[in-house]
Amino acid sequence: MFGLLYGEKLDPDSRKELELLTQGLKRFLLTDHNEDGSHRLGIWTPYAPVWRGATTQPAIGNGSILGKYARSVNTIDFKIDIQFGSTTTYGTGTWLFGLPVASRIDSAVVGHMLGVDGGTTYYTGVVTFVEGMSFVQLVSDAGPWTVSVPITWASGDAISIQGRYEVLD
């Protein structure tokens, strides 16, 4: 980069460029690392996603809803996995899922999802922001996902949601 040989001195312009690069590296290290110096990029943190129905509230019962996210400076990658159980109740109205951190900008599409009907039929769609950019909804050709769209969900069915978005700070 600077073409230095052992013992050679930097000219003033190269020294200034090296100082700017060093300052940028320091900012990167301070921004993308924890206080102990460990790297934050790619570190998944679990969170408990809120699951809501627009009309009446669902309840996961003996199913599971697990979330995790990773933050890289001002970007959040998130994943929500839902497994419906025999005591799950599905609520009514469009389903909404809480994000780990509110979004910075309103973007039409922030991710994708896959629904699995009993392990034999698959449904796909997009994930979009709703309600002040702290919740997302699932949308496919059949419309926003609910207890009966795109299928009538039942025990043993599953949904996997993934996305990426910008955050406020």
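Biologist: Starting with one residue: is R164 buried or exposed?

Modeller: Quick background: this is a predicted model, where local features need pLDDT of at least 70, side-chain atom pairs count only at pLDDT 80 or more, and totals for chains, interfaces and linings use all residues. Residues are numbered from 1 along each chain as its sequence is written, and side-chain values use heavy atoms, leaving out hydrogens and water. The labels work like this: buried is under 20% relative accessible area, exposed is over 50%, and partly exposed is in between (1.4 Å probe, protein chains only). With a relative accessible area of 53%, R164 is therefore exposed.

Biologist: Which residue meets the side chain of R164 in a salt bridge?

Modeller: A salt bridge here is a side-chain nitrogen of Lys or Arg within 4 Å of a carboxyl oxygen of Asp or Glu. For R164 the N to O distance is 2.7 Å, and the partner is D77.

Biologist: How many residues apart are D77 and R164?

Modeller: D77 sits in strand β4 and R164 in strand β10. The salt bridge between D77 and R164 links distant parts of the chain, with a separation of 87 residues.

Biologist: And which residue forms a salt bridge with D81?

Modeller: The structure holds 2 salt bridges, and in this one N and O are 3.1 Å apart. D81 is partly exposed because its relative accessibility is 31%. Its partner has a relative accessible area of 17%, so that residue is buried: K79.

Biologist: Zooming out, how many strands does the protein have?

Modeller: Helices (H or I, at least four residues) and strands (E, at least two) are DSSP runs, numbered from the N terminus. From that end, the order is α-β-β-β-β-β-β-β-β-β-β. That makes 1 helix, and the strand count is 10.

Biologist: Which element has the lowest mean pLDDT?

Modeller: pLDDT is the predictor's confidence in each residue, from 0 to 100, and the protein averages 83, with 71% of the residues at 70 or more. Where pLDDT is low, the predicted coordinates should not be read in detail. Strand β2 (residues 51-53) has the highest mean among the elements, 96, while the lowest, 62, belongs to helix α1 (residues 12-31).

Biologist: How many bridges join β4 to β10?

Modeller: Two strands pair if DSSP finds at least two bridges between them. β4 and β10 run antiparallel, and one bridge puts F78 opposite G163 in β10. The bridge count for β4 and β10 is 9.

Biologist: Which other strand, residues 111-117, pairs with β10?

Modeller: The pairing is antiparallel and spans 6 bridges. L114 stands opposite S160 of β10 here. The strand is β6.

Biologist: Which element gives the most residues to the largest nonpolar core?

Modeller: A nonpolar core is a set of buried Ala, Val, Leu, Ile, Met, Phe, Trp, Tyr and Cys residues joined through side-chain atoms within 4.5 Å. The largest has 26 residues, with F78, W95, F97, I159 and I161 touching the most other members. Elements giving two or more residues include β3 (64-72), β5 (95-98), β7 (121-130) and β8 (135-140). The top contributor, with 4 residues, is β4.

Biologist: Which residues of β5 are buried on the side opposite L96 and G98?

Modeller: β5 pairs antiparallel with β2 over 3 bridges, with G53 standing opposite W95. β5 also pairs antiparallel with β8 over 3 bridges, where G98 has F135 as its bridge partner. Both faces of β5 are covered: L96 and G98 are buried on one side, and on the other are W95 and F97.

Biologist: Which residue of β10 does F97 touch? I know its contacts include I65 and I80.

Modeller: Contact means heavy atoms within 4.5 Å. Leaving aside neighbours within four places in sequence, F97 has contacts including V50, W51, F135 and L138. β10 covers residues 158-166, and the F97 contact there is I161.

Biologist: Which residues does A154 touch beyond four places away in sequence?

Modeller: A154 lies in the loop between β9 (143-144) and β10. Its relative accessibility is 34%, so A154 counts as partly exposed. The C-alpha atoms of A154 and S86 are 7.6 Å apart, although 68 residues separate the two along the chain. The residues A154 touches are F84 and Y90.
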